[in-house]
Amino acid sequence: MKRAHPYSLVGSMLIFGFLLLAPRILPEMKIHLMIEVMIFALWAVSFNLLFGHGGLLAFGFGAPYGVGAYAAALLFQHFAGIPLVLTLGLVALLGFLTGIIIGSLSVRLKGAYFALITFGFQMFLYAIALKWYSVTKGDDGFSVTRPALSLPLAGNFSMANVVPVYYFTLAIVALAILATYFFQKTPLGNSIALVRENDIRPPFLGYNVYLIRLTVFSVSCLLAALAGGLFVFFNEFVSTAVIDMNVSMVVLLMAIIGGSDHFLGPILGAAFYVLVQNWLSSLTNRWFLVMGAIFIVVVLYLEGGLISLFIPKKDQPGGSAGRK
Amino acid sequence: MGVWEIYLTTAMHGLVYGMLIFLVASGLTLVLGMAGVLNIAHAALYMLGAYFAYTFTQFTGSFWLSLILSPLVVALVAVLIERFLLRKTYAKGHVPQILLTFGLLYMISEIVRMVWGTNPLRVFEPPLLSGEIPFLGGTYPVYRLFIIGFSIFILIGMLLFLMRTRVGLIIRAAVHDADMVGALGTNVPVYLFAVYAGGAILAAVAGVIAAPMLSIFSGMGDQILLDCFVVIIVGGFGSLLGAFVAALLVGELQSYGVLWIPQLALVFEFLLMAVVLAIRPTGLFGEEI
C-alpha cells in the first residue's frame, strides 16, 4: 500500500470540516444545493462502480434510481409507521433485487448491446410509472411528507427543517460512499476490475464472469436505489421525472465530466453538474444545449474528465476503464 | 363496421407505423453492425427530416419537392457530423461514441426547439393523396396506403442494392466481419461513410412521410428512438431482416395495444423485448456475440 499524500490528507480534512460546518455558514438555499450534490454524488458513485470499475456502461441506470425513488415515496405514503432507516433499507434491498432481475438478463452482453438492453428495461419501468396512474399518478407525480427519524436510545429527530435533513443525508451518503470505496478494495472488488480488463482469461483461472458481473450490477443498483430514495426523502415529491430518459443522461454526464477513471471523479462531476446547472438555469433556459455541448467537449477533448486536471492519470493499464 | 374490419384497419395502422420504424432502424442497425457504432443521434435525423419538410413545404408549397430536398439537407448534416465529430471517436471505442451521439441528440433537439418553437407543427399531405378510398369493405386514408407502398418500394430497392450489387455484397460482408473485409483490401471506412449517409437519408425520408400523418413535435425523435432500440434488440444487432420483422411486430403491438389495452400499449413492446432477451439474448436474427 502506498501512503497517502500529505496534501490529500489535509485536503480531505478540510472538505470534511467544511461538510460538517456547512449548515452554519451557508444560507438555506445553498444547503439545499449541498444536499442535492451529496445525493447525486452517491448516485454517480454507484453508477461509476459499474461503469468505471466494472467497465459496464448501462444506459438504463435511471431504472434502479427510479425504483428506489418510487419505493421510498410509496413507503412514506402508505407505511408511514416504518422507521426511516428501515424504509431506506427496504428501498436499498428492492434496488438490489431490481439489479438481480435486470442484470441476470443483461450482463451476458457487452458494449453497446448491454447499454441498450438496460435502457430497454428502464423504459419498461418508465412506461409502468407513466401509465399506472392510480398508484404513481403518472406525469403529475405526488408529494409525500418527510418522516421523522427515530433512533433507538437517541430518541426522535424532526426532519421538517433543512439542517437535520442535511446531516442525515451526509451521514447516509458518506457511509454508502465509504462502503463503496472499501468494496472496490476487497478481493471481490479486485475480481471485478480483473473481469473489466479481460473477460476471456478469468474463467480459466476459476472465476465466474457472469456471477461477478451480476454482483457488481446488483450492488450498483442497490446504491442507486438508496440515492433515489434519499432524493425523494429530500425532495418530498416523486414523478416520472425520476425514471425518464434524461435521468440516465444526467448520471452519465456526471460520471464523464468528473472522470470515470478515478473514484473521486463522479463526486466532483456531481458537484459540477448541480452547481453549474443551478447557475446556468438562472441565466438561460437552453440548459440542454449547454449540457449536450459539455458532453461533446468532454468526450473529444477531456477524456479523463475534470479530475484529470487535478490528479494526473494513472499509468497502469487499469486507467482505460470502460473504453473497450 | 364489423369486428373484422376494425381488426384489419388496426393491422394496417400497425403496418404503417412498423414501416416507418423500419426505415429509421435500418440505417441504425447497419451502422451498428458494421462499425459497432450505436448512433443515438440517428433519431434526431428523423426529427430533422420532418422539420425541414415543414419549412420546405412552407417555402415551395410542394410536398414532393420537400420529399427530395429535406433528406438531402439532412444527409448533409449527418455527413458533417460524421466527418467532424464522430470520426474522431472511432479509435476510442464504443463508449465515447455513445456519449457523443447522446450529446448530439440533446443539442439537436434543443436547436430544433429554438428554431421551430415548441408548438406541434403540421404538414398537409399533397392533394393527390388526401381523402379516403374504399378498402376491403370499409374506407382507409389514401395517405397511409401511400406510406405503405412507398416504404415497400424503398425496401425492395434496398434489398436489390444489398443483395444484387457488389457494393451491397461488401456492406453485408462488413456487417459480418469488418476487420476481415478490411484485411482483404477493402477501404471499409468509405463504405461505412456511404452507409451512414444512406441511413441518414432513409431516416429523413421516414420523417418527411411521417410528417403529414403524425404531427411534428420536438419529442418525436425520442419516441422513435425508443422504438428503434426495441427493434434492433428484438431483431438482432446488424440484422436487416431482423429489423424488418421486429419493426412490424412493434408496429402491430402498438396498434393492437392501443385498441385493446390503451394503458399498457407502451409496456407491451418492452415486454416483447424482455421475452425475446430471456429466450434468445442475441435477438431473433442476431449472430452470436
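Trainee: At what angle do helix α1 and helix α9 of chain B pack, and how far apart are their axes?

Mentor: In this predicted model, α1 (residues 3–35) and α9 (residues 240–260) of chain B pack at an angle of about 145°, with 7 Å between their axes. Two packed helices are described by exactly these quantities, the angle between the axes and the distance between them.

Trainee: What is the hand of the crossing of α1(B) and α9(B)?

Mentor: The crossing of α1(B) and α9(B) is right-handed. By class, the contact of these helices has 15 nonpolar, nine polar and one charged residues.

Trainee: What makes chain B agree or disagree with a compact globule?

Mentor: The radius of gyration. For 289 residues a compact globule would have a value near 19 Å, and chain B has 19 Å, so the two agree. Along its principal axes, the C-alpha trace of chain B spans about 60 × 50 × 35 Å.

Trainee: How much of chain B is buried?

Mentor: Of the 289 residues in chain B, 50% are buried. To count as buried, a residue needs 20 or more other C-beta atoms within 10 Å of its own.

Trainee: What share of the contacts in chain B with a separation of 6 or more comes from residues 24 or more positions apart?

Mentor: That share is 74%.

Trainee: Which elements does chain B have, and in what order do they run?

Mentor: Chain B has 10 helices and two strands. From the N terminus on, the order is α-α-α-α-β-β-α-α-α-α-α-α.

Trainee: Why is Glu236(A) called partly exposed?

Mentor: Glu236(A) has 14 other C-beta atoms within 10 Å. Buried would take 20 or more, and exposed 12 or fewer. The count of 14 falls in between, so Glu236(A) is partly exposed.

Trainee: What is notable about phi of Glu236(A), and where is the residue found?

Mentor: Phi of Glu236(A) is near 60°, a positive value in a residue other than glycine. Most residues other than glycine have a negative phi. Glu236(A) is found in the loop between α10 (209–235) and β4 (237–238) of chain A.

Trainee: How many residues does each chain give to the contact between chains A and B?

Mentor: Chain A gives 35 residues and chain B gives 40. On the side of chain A, the elements that give two or more residues are α5 (111–131), α11 (245–258) and α13 (287–301).

Trainee: Which element gives the most to that side of chain A, and what is its make-up by class?

Mentor: α5(A) gives the most, with 14 residues. By class, the side of chain A that touches chain B has 26 nonpolar, four polar and five charged residues.

Technical notes
Residues numbered from 1 in each chain as written. Chains lettered and ligands numbered in written order. Predicted model: local features only at pLDDT ≥ 70, side-chain atom pairs only at ≥ 80, totals over all residues. Contact = placed C-beta atoms within 7 Å. Helix = DSSP H or I, 4+ residues; strand = E, 2+ residues; numbered from the N terminus. Nonpolar A, V, L, I, M, F, W, Y, C, P; charged D, E, K, R; others polar. Rg over C-alpha atoms; globule rule 2.2 N^0.38 Å. Axes fitted to C-alpha atoms, helices over the stretch in contact; angles between N-to-C directions. Left-handed = near helix turned anticlockwise from the far one by under 90°.
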